[in-house]
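Student: Give me a close look at the inside of this one, please: the empty space and what lines it, then the ring contacts. Go slowly and spell out your cut-offs.

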Amino acid sequence: MNKIEIIAEIANAHQGNPEIAFNLANEAKKSGVDFVKYQVYFAEELLVKNHPRYEHFKKQSFSKKDWKNLILETKNLGVRVLCDIYGREAFKIASECEVDGYKIHSSDLSNYHILSLINKLRNGEKVILSCGGSNIREISYALNKINDIPSRPILMHGFQSYPTKIEDTNLNRIDFLKNLFGEKCDIGFQDHISGEDSFSITLPLLAITKGANIIEKHITFDRHKKGVDYYSSLEPEELKLFINIVKK
């Protein structure tokens with residue numbers, strides 16, 4: 001069996017505070033994760049200003065300087081860093097920091113501009129395509145647009161519905177993705193069921209038996225505070241336990 005790699009997804013659990021983001025990354029590293037992942041975005045690239053969620057994302061995002069400092073300080077911890085990118089400026093920052101990989105959201109699998117930037121990567125960085133909300137035509141389009149990258153793309157099954165119900169997880173889609181794209185892609189699973197549910201550990205293990213070799217889990221300090229993105233997050237000690245179980 002291939003080595004199973006674990007991504008700690010910080011998402012917006014930092015509540016708009018770079019120091020909290022770094023502390024979460026530090027806890028994730030101590031838990032034994034292979035990667036820490038940040039969602040790098042700017043409200044101006046993500047939404048029009050009259051969108052009802054614009055101010056929310058404005059408050060949650062960091063300045064360019066803060067993003068660069070955070071990514072570089074996290075790399076200095078000795079853990080590899082991945083970035084979700086939601087625009088050209090986000091890609092530029094991640095690229096200048098020489099991150100270890102990039103993730104493209106399902107909504108951007110038809111985004112020619114983002115895919116063109118990814119297709120220029122030449123250093124073997126990981127490239128992850130989120131597929132939870134994407135159809136076969138969109139996935140095929142994205143793969144065709146990034147066919148010059150030297151690494152094997154990773155198709156990530158799973159979606160966030162705050163939290164995702166077990167019956168909506170549909171692990172059989174891993175088989176579907178593997179049968180269609182397994183020759184040129186690896187398969188991963190991004191788990192988003194409630195962190196309070198014991199199946200938050202069980203489901204990723206089942207996904208591994210289906211052939212997923214990279215697992216993404218959200219991390220937060222305290223679910224009971226019900227901060228942004230707490231729903232499907234594990235606390236540091238729970239993440240450490242999860243990683244030990246996966247290794248076994």
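Tutor: Let's start with residue classes: Ala, Val, Leu, Ile, Met, Phe, Trp, Tyr, Cys and Pro count as nonpolar, Asp, Glu, Lys and Arg as charged, and the others, Gly among them, as polar. Bear in mind that this is a predicted model, where local features need pLDDT of at least 70 and side-chain atom pairs 80 or more, while totals for chains, interfaces and linings use all residues. Residues are numbered from 1 along each chain as its sequence is written, and side-chain values use heavy atoms, without hydrogens or water.

Now the closed space. On a 1 Å grid over the protein atoms alone, a cavity is a set of points where a 1.4 Å probe fits but cannot get out; a pocket is an open set with protein on both sides within 12 Å along at least five of seven lines, and lining residues have an atom within 4 Å of a point. Points join across faces, edges and corners, and volume is the space filled by probe spheres set on them. The whole structure yields one cavity of 30 Å³ or more, and the largest holds about 50 Å³. Its lining includes His-157, Asp-168, Phe-189 and Ile-193; sorted by class, that's three nonpolar, six polar and two charged residues.

As for the open space, the largest pocket encloses about 670 Å³. Of its 31 lining residues, Gln-39, Tyr-86, His-105, Gln-160 and Tyr-162 lie nearest the centre. The lining splits into nine nonpolar, 15 polar and seven charged residues. Strand E2 (35-40), helix H3 (54-60) and strand E8 (214-219) each put in at least two; helices (H or I, at least four residues) and strands (E, at least two) are DSSP runs numbered from the N terminus.

On to the rings. Those of Phe, Tyr and Trp (six-membered ring) pair with centres within 6.5 Å: stacked if planes are under 30 degrees apart, edge-to-face over 60, tilted otherwise. There are seven such pairs. Tyr-38 and Trp-67 meet edge-to-face, 6.2 Å between centres and 65° between planes. Tyr-38 sits in strand E2 and Trp-67 in helix H4 (residues 64-75), so the pair ties together parts 29 residues apart in sequence. Phe-62 and Trp-67 have ring centres 4.6 Å apart and planes at 45°, so that pair is tilted. Tyr-38 and Trp-67 are both buried, as is Phe-62 (under 20% relative accessible area, 1.4 Å probe, protein chains only; exposed is over 50%, partly exposed in between). Tyr-38, Phe-62 and Trp-67 make up one aromatic cluster.
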